[in-house]
Amino acid sequence: MQDGLSGRRFGFAVAALAVLLCGGTIAFRLILHESWLRSIYRAVVTTSLTGLDTNPQGTGAILVTMVLVLGGVALFAFVAGVMAEALLGGLVTGAWADKRKRRAIERMRDHYIICGYGRVGRRIAAEFRDAGAAFVVLDYSDTALVEARERGDTFVSGNGTDDHSLREAGLETARGLVASSDSDVDNLYIVLSARTARPDLLIVARASTEDAAQKLSLAGADRIVQPYLAAGRQMANLMLKPQVSAFLDAVTSAAGPDLHFEEIEVTSSSGTAGKTLRELRIRQATGALVVAIRQRDGGFDATPLPDARLEDGDVVIAAGTLEELRALEDLFAARGAVAR
């Protein structure tokens, strides 16, 4: 809107200049009886405030000269004001937007950082957006930043391999980081930088080869995804087990049907540690279904029985509607926590 307004003002200034020059040329032609070329020259020199090579003769010529001088002063003052407004307006707006963005990131807690906003990064952002998860995009590509701005994603212009850029993206308060750059080398440096600064951070990294995946694991990545390997496995399963694959694809998508998955950590403060699934009556109390338990030692109980006992540090993986999963989170919330 501001750009359109400035454009109209510049158009008005050009039109006013043309009227001033035409009027001055005709006036000098009629009053001084000079040639058209000499009249145009006198009008241009007078309006542009560069002075006259001769003094105007006669009262009429003097009056025309005064009008052109005053008109030129007003016109150039107007143009200068429009230019200053456009320049300062852009600087102030940009500075205000940057300041507001920094404050928004500083207020974030338990958000995610996406380092690399290519095809994979944009897909990750779409899933986060559908799930309602807060995230910050970190990339230095002009194309990536334009796309992030168009989608309304919070972004930081920088490189994930740079410690300062990671801090700008809120690394200190982030819940997790995704290294989704197209370069394995960049992802390796991103993982090293993030792991050094935040030993407790959940880090998921992209790798194009098995060798890169091993190095990323050694650097500190908690999970490594190989897009080509994952795509090949999914395509094979779609052929061999099409209905199973279709179901898993539907329930694992953030924008999927009513059935959702959630993981909840068991803590001693919740009063659930040391109890069995039967004692907690999860199904009856919340409607959610516990489909697996990840134990503290990293092992999985993929078919937990009612007598399965939960220990502090275990992670319960459950399925249900959003309302059922919220009730389940309340059940496992710390005693004394305020209900949402």
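Start with the open sheet of 4 strands, whose order is E7-E10-E8-E9 and whose pairing is antiparallel. Its edges are strand E7 (260-265) and strand E9 (300-301), each of which pairs on one side only. Keep in mind throughout that this is a predicted model.

Next, select residues 289-294 and residues 315-320. These are strand E8 and strand E10, an antiparallel pair held over 5 bridges. Which residue of E10 is the bridge partner of Ala-292? Pick Ile-317 to see that partner.

Stay with this sheet and add residues 322-331, which form helix H13. Helix H13 packs on the sheet and touches E7 and E10. Compare directions here: that of H13 makes about 5° with that of E7.

Now move to the other sheet on this tour. It is an open sheet of 6 strands in the order E3-E2-E1-E4-E5-E6, and the pairing is parallel. Colour residues 155-157 and 223-225 to mark the edge strands, E3 and E6, each pairing on one side only. Looking across this sheet, neighbouring strands are turned against each other by 20° on average, with direction ignored.

Inside it, select strand E4 (residues 176-179) together with strand E5 (residues 202-206); the two pair in the parallel sense over 4 bridges. Within this pair, Val-178 has Val-204 of E5 standing opposite.

Then show residues 142-150, which make up helix H5. Helix H5 packs on the sheet, where it touches strand E2 (135-139) and E3. The direction of H5 makes about 155° with that of E3.

The next stop is a pair of helices. Select H7 (residues 184-197) and H8 (residues 210-219): they pack at an angle of about 15°, and their axes are 9 Å apart. Are they roughly parallel or roughly perpendicular? Because angles under 35 degrees count as roughly parallel, H7 is roughly parallel to H8. The crossing in which H7 passes H8 is right-handed.

To view the contact itself, show side chains on both helices. From H7 come Asp-184, Asn-187, Leu-188, Val-191, Leu-192 and Arg-195, and they meet Ala-212, Lys-215, Leu-216 and Ala-219 of H8. By class, the residues of this contact are 6 nonpolar, 1 polar and 3 charged.

Finish by colouring the protein chain by pLDDT. The chain averages 84, and 86% of the residues score at least 70. Select residues 1-5, where pLDDT stays under 50. For this stretch the model has 1 contact beyond four places in sequence. Predicted coordinates should not be read in detail where pLDDT is low.

Note on methods. Residues are numbered from 1 along each chain as its sequence is written. This is a predicted model: local features need pLDDT of at least 70, side-chain atom pairs count only at pLDDT 80 or more; totals for chains, interfaces and linings use all residues. Side-chain values use heavy atoms; hydrogens and water are left out. Axes are lines fitted to C-alpha atoms, for helices over the stretch in contact, and angles run from 0 to 180 degrees between N-to-C directions. Angles under 35 degrees count as roughly parallel, over 145 as roughly antiparallel, 65 to 115 as roughly perpendicular and the rest as oblique. A crossing is left-handed if the near helix is turned anticlockwise from the far one by less than a right angle, and right-handed if clockwise. Contact means heavy atoms within 4.5 Å. Ala, Val, Leu, Ile, Met, Phe, Trp, Tyr, Cys and Pro count as nonpolar, Asp, Glu, Lys and Arg as charged, and the others, Gly among them, as polar. pLDDT is the predictor's confidence in each residue, from 0 to 100. Two strands pair if DSSP finds at least two bridges between them.
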